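The following exercises each pose a task and then work through the solution step by step. Have the coordinates open while reading.

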Amino acid sequence: AGPAESKNEAAMSELVPESRQKPVVPMKPVGINANLLGYIGIDTIIEQMRKKTMKTGFDFNIMVVGQSGLGKSTLVNTLFKSQVSRKSSGWNREEKIPKTVEIKAIGHVIEEGGVKMKLTVIDTPGFGDQINNENCWEPIEKYINEQYEKFLKEEVNIARKKRIPDTRVHCCLYFISPTGHSLRPLDLEFMKHLSKVVNIIPVIAKADTMTLEEKTEFKQRVRKELEVNGIEFYPQKEFDEDLEDKTENDKIRQESMPFAVVGSDKEYQVNGKRVLGRKTPWGIIEVENLTHCEFALLRDFVIRTHLQDLKEVTHNIHYETYRAKRLNDNGGLPPMTVETEENHESNL
């Protein structure tokens with residue numbers, strides 16, 4: 001009996017697994033310097049992104065709106081230090097002013113430091129030039145929404161392009177006439193309608209026509225009128241992501257906006273240096289001199305500090321708002337046209 005019991009015990013011990021202790025989880029090291037663990041190379045992702053952007057390049061589309069004669073084309077040329085406006089692309093001043101607002105888009109490829117940028121300048125000749133300017137912002141609003149629609153149609157295709165061409169308007173420079181008094185009803189109506197669909201940056205054109213006191217008072221008056229009428233311009237308060245952004249943008253909103261600018265694509269010799277400027281009987285107004293005008297602040301704001309943010313706000317806020325509304329109105333998809341049906345069939 002003894003040997004039989006011992007055999008059964010042995011068999012039972014084989015069937016019942018031994019209880020194992022749980023492995024001890026090591027405590028998270030506290031206060032250890034990451035450098036002690038060696039170099040991984042995570043920081044190279046910035047360089048990888050830079051190389052990728054350098055190869056593909058990027059798009060930037062800027063719209064200029066305002067009455068004729070405020071120097072829109074000249075300012076854009078000054079902004080990019082290149083002949084990028086419609087004036088340099090075969091347009092002449094003898095052309096008849098259009099009866100309604102026409103939209104003219106001109107594309108250029110600008111390269112600087114190995115970085116390629118496809119720049120599109122959208123001009124709006126005829127805006128505010130008529131006797132009756134009722135609803136003259138509608139063609140501009142229609143154009144902006146058409147670009148969103150074009151992008152949306154590319155997005156919902158079954159076989160999407162690897163890189164969708166971006167024709168959406170990232171920035172709209174609205175030129176205010178330097179009257180020194182107040183904004184016109186047309187200015188207020190335009191910004192009220194368009195601030196919901198595009199990033200508007202108000203600028204006071206030809207600021208050299210005002211004295212320093214007039215300029216300061218006019219800027220304050222414009223800011224007050226925009227606030228009273230509930231018009232939000234870029235950078236909008238609700239889109240500030242953190243305290244640093246808020247501090248920086250608050251300073252721009254309260255001190256710089258609207259930028260009082262002077263544009264010129266002509267060079268003059270001043271103290272042995274070639275500078276962009278405007279020649280007057282009492283001297284040369286230097287465009288890039290902060291004591292003369294705020295052009296340098298505008299250029300730094302649009303190109304050197306907020307260009308990527310302008311693109312992101314356009315995509316994440318304005319385009320997303322349009323996209324959500326369109327998909328909601330049409331049960332999830334844009335309406336089928338003959339063209340989209342043919343594309344759909346070819347994709348299938």
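A residue is called buried under 20% relative accessible area, exposed over 50%, and partly exposed in between, using a 1.4 Å probe and protein chains only. The model is predicted, so local features need pLDDT of at least 70 and side-chain atom pairs count only at pLDDT 80 or more, while totals for chains, interfaces and linings use all residues. Residues are numbered from 1 along each chain as its sequence is written, and side-chain values use heavy atoms, with hydrogens and water left out.

**Exercise 1. Classify E138, N135 and K206 by accessibility, and give the backbone phi where it is positive.**

Step 1. E138 is found in helix α4; helices (H or I, at least four residues) and strands (E, at least two) are DSSP runs, numbered from the N terminus. With a relative accessible area of 42%, E138 is partly exposed. In sequence E138 and L194 are 56 residues apart, yet their C-alpha atoms lie 9.2 Å apart in space.

Step 2. N135 sits in the loop between β3 and α4. Its relative accessible area is 32%, so N135 is partly exposed. The phi of N135 is near 55°, a positive value in a residue other than glycine.

Step 3. K206 belongs to the loop between β5 (200–204) and α6. K206 counts as partly exposed because its relative accessibility is 32%. Its phi, near 45°, is likewise positive in a residue other than glycine.

**Exercise 2. At what angle do the axes of α4 and α9 cross, and which residues meet there?**

Step 1. Axes are lines fitted to C-alpha atoms, for helices over the stretch in contact, and angles run from 0 to 180 degrees between N-to-C directions. The axes of α4 (residues 138–156) and α9 (residues 307–329) come within 10 Å and cross at roughly 75°. Therefore α4 is roughly perpendicular to α9; the classes are roughly parallel under 35 degrees, roughly antiparallel over 145, roughly perpendicular from 65 to 115, and oblique for the rest.

Step 2. Contact means heavy atoms within 4.5 Å. On the α4 side, the residues are N145, Y148, E149, F151, L152 and E155. On the α9 side, they are T314, H315, H318, Y319, Y322, R323, R326 and L327.

Step 3. The residues of this contact divide into six nonpolar, four polar and four charged. Here Ala, Val, Leu, Ile, Met, Phe, Trp, Tyr, Cys and Pro count as nonpolar, Asp, Glu, Lys and Arg as charged, and the others, Gly among them, as polar.

**Exercise 3. Are D166 and D59 buried or exposed, and what do they contact?**

Step 1. D166 lies in the loop between α4 and β4. Because its relative accessibility is 12%, D166 counts as buried. Apart from neighbours within four places in sequence, D166 is in contact with D59, N61 and F151.

Step 2. D59 is part of strand β1. D59 has a relative accessible area of 11% and is therefore buried. With neighbours within four places in sequence left aside, D59 is in contact with K118, R163, D166, H170 and K311.

**Exercise 4. How many residues of α3 are buried, and what covers them?**

Step 1. Helix α3 (residues 72–80) is mostly covered, with nine of its nine residues buried. Among them are K72, T74 and F80.

Step 2. The cover includes β1 (58–65), β2 (104–112), β3 (115–123), β4 (171–176), β8 (273–280) and α8 (295–305).

Step 3. Just after α3, K81 takes a positive phi of about 50°.

**Exercise 5. Which residues of the largest nonpolar core touch the most other members?**

Step 1. A nonpolar core is a set of buried Ala, Val, Leu, Ile, Met, Phe, Trp, Tyr and Cys residues joined through side-chain atoms within 4.5 Å. The largest one has 74 residues, of which F60, F127, L173, F190, I201 and L298 touch the most other members.

Step 2. Not counting residues up to four places away in sequence, F127 touches V65, G66, Q67, V101, C136, W137, I140, Y174, L186 and F190.

Step 3. For the whole protein of 348 residues, 40% count as buried.

**Exercise 6. Where are the cis peptide bonds joining Y234 to P235 and M257 to P258?**

Step 1. The bond joining Y234 and P235 is cis, with omega about 0°. P235 lies in the loop between α6 (212–228) and α7 (243–256).

Step 2. The bond joining M257 and P258 is cis, with omega about -15°. P258 is placed in the loop between α7 and β6 (259–260).
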